[in-house]
Every structure is written in C-alpha cells, then in structure tokens.
Amino acid sequence: YGEYNQKIDYVFKVVLIGDSAVGKTQLLARFAKNQFSVDSKATIGVEFQTKTLIIDNKTVKAQIWDTAGQERYRAVTSAYYRGAVGAMLVFDMTKRQSFDNMAKWLEELRGHADKNIVVMLIGNKCDLGTLRAVPTEDAEEFAQRENLFFMETSALESTNVETAFLTILSNIYRLIS
Ligand code: GDP
C-alpha cells in the first residue's frame, strides 16, 4: 500500500547476464524478495522484479531483469538490453568456464547497450569456497582492465547481495543526477 502511493523519482533498469546456472535468478530473488530456492526453475518466464529504495532522498525503483533461461538458447535479444542503465555480469566462482565467458558476455553487452551503462562483475557462490576455481585476483584484474565494479556474493547465504545491488544503483544515480 505504501509503495503504491509513492512518488517515483527514477526507474533504473538493470539487466543480469552470464551463463546458465551461475545464480542470476537466485541473486534477484534474494535482493527483491529475500528468498532463495534450491529448485529455482519455478521462476522461469519471469521477466523482471522491482524493488523501491531511497537514494539521496530520492525514490528509486530498481527494475531488475533476469534472462529467465534465454541464455541457454543464445537467444538474449536486443530488447533485453534496451533502456538498461546497469548490468550485472555474473559468473559462478566454482566454474572457471563461466568466468572465461565473461569477455563474450561483455562484448555482447557493449554491442547492445548504451555506452554509459554501469557494469558490475559478480563472482557468485562464495559460500562454496573450497570449490573455488577463480582466484579473486583474476576477477579483480579483469574488472580493472574493463572498468567494471567487482564483488563476490552468495545468494544462498545472502553475502554481499544487498551491497552489490546498492553499489550499482548508487553509481547509476550518481551518473544520472
Ligand atoms: P541462473 O540460471 O543463472 O538463473 O541460476 P539459478 O539462480 O537458477 O541457480 C542455479 C543453481 O545454483 C541453483 O541450483 C541454485 O540453487 C544454485 N545457486 C544459486 N546461487 C547460489 C549460491 O550463492 N550458492 C550456492 N551454493 N548455490 C547457488
């Protein structure tokens, strides 16, 4: 009810991209609803979720888009990227290939999105530390080279999820206001 009556100052579209099964859907569920489900395929077909927050006394509605499995068929379309002011490039830190594919995802993003888009690299599943296949320094180096923000998260344990979204949203705000 409260949200219904709120005056929205800004709507920020942020897209999640990255290989299948890296945890995009669970990161979104954690941020938007503080939920996590082990069997997340129930969420297929959901296009985006919103969360309204206050930044610098302004009401910002974050509209976070999930690929909903499209990436498996290489069918992430330009419509997905249209209007996005932020992007989260997500890899699974226990799957080296999902990190190596970040360059390809970044290239696709840069080909479709606005050139001022704020991009954050996310190494998800940091709760599985013993299975780590991507050293933090490798990800940091890539992020620095490509001018991306970087954070390691766990959607399962809720580590850094809120911080990651707040960081990207406040940097978008800073750019736009
Ligand atoms: P998506 O295909 O990128 O949207 O990935 P999902 O969000 O569907 O997650 C794929 C699988 O990884 C599911 O079995 C999730 O339960 C699991 N998963 C997602 N995030 C985490 C995490 O932070 N830690 C662990 N251990 N598993 C996760």
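Trainee: At what angle does α2 run to β2?
Mentor: Helices (DSSP runs of H or I, at least four residues) and strands (E, at least two) are numbered from the N terminus. Axes are lines fitted to C-alpha atoms, for helices over the stretch in contact (C-beta atoms, placed from the backbone, within 7 Å), and angles run from 0 to 180 degrees between N-to-C directions. α2 lies across β1, β2, β3, β4 and β5, and its angle to β2 is about 45°.

Trainee: What kind of model is this?
Mentor: Residues are numbered from 1 along each chain as its sequence is written. Local features need pLDDT of at least 70, side-chain atom pairs count only at pLDDT 80 or more, and totals for chains, interfaces and linings use all residues, since the model is predicted.

Trainee: How many of the 10 residues of α2 are buried?
Mentor: Buried is 20 or more other C-beta atoms within 10 Å of a residue's own, exposed is 12 or fewer and partly exposed is in between, with C-beta atoms placed from the backbone. In α2 (residues 24–33), the buried ones include Leu27, Leu28 and Phe31, and they pack against β1, β2, β3, β4, β5 and α7 (161–176). So α2 is largely enclosed by the rest of the structure, and the buried count is 8.

Trainee: Which helix gives the largest share of the shell around the ligand?
Mentor: Near means a C-beta atom, placed from the backbone, within 6 Å of the molecule. Of the 16 residues around the ligand, Gly23, Lys24, Thr25, Gln26 and Leu156 come nearest. The largest share, 3 residues, belongs to α2.

Trainee: What strand order does the open sheet have?
Mentor: Two strands pair if DSSP finds at least two bridges between them. This sheet of 6 strands has mixed pairing. The edges, each pairing on one side only, are β2 and β6, and neighbouring strands are turned by 25° against each other on average, direction ignored. The order is β2-β3-β1-β4-β5-β6.

Trainee: Which residue of β4 is the bridge partner of Val15?
Mentor: β1 (10–17) pairs with β4 in the parallel sense, over 4 bridges. Opposite Val15, the partner in β4 is Ala87.

Trainee: At what angle does α6 run to β6?
Mentor: Helix α6 covers residues 136–146 and lies across β5 and β6. Its run against β6 is at about 160°.

Trainee: Is Asn57 buried or exposed?
Mentor: Asn57 sits in the loop between β2 and β3. Its phi is positive, about 65°, although it is not a glycine. With 6 other C-beta atoms within 10 Å, Asn57 is exposed.

Trainee: Where is Ser158?
Mentor: Ser158 isn't a glycine, yet it has a positive phi of about 75°. It has 14 C-beta neighbours inside 10 Å, so it counts as partly exposed. Its place is the loop between β6 (149–152) and α7.

Trainee: What is the radius of gyration of the protein?
Mentor: The protein has 7 helices and 6 strands. The radius is taken over C-alpha atoms, and the globule rule (2.2 Å times the number of residues to the power 0.38) gives 16 Å for 177 residues. The protein comes close to that, so it is as compact as a globular protein of that length, at 15 Å.

Key
Contact = placed C-beta atoms within 7 Å.
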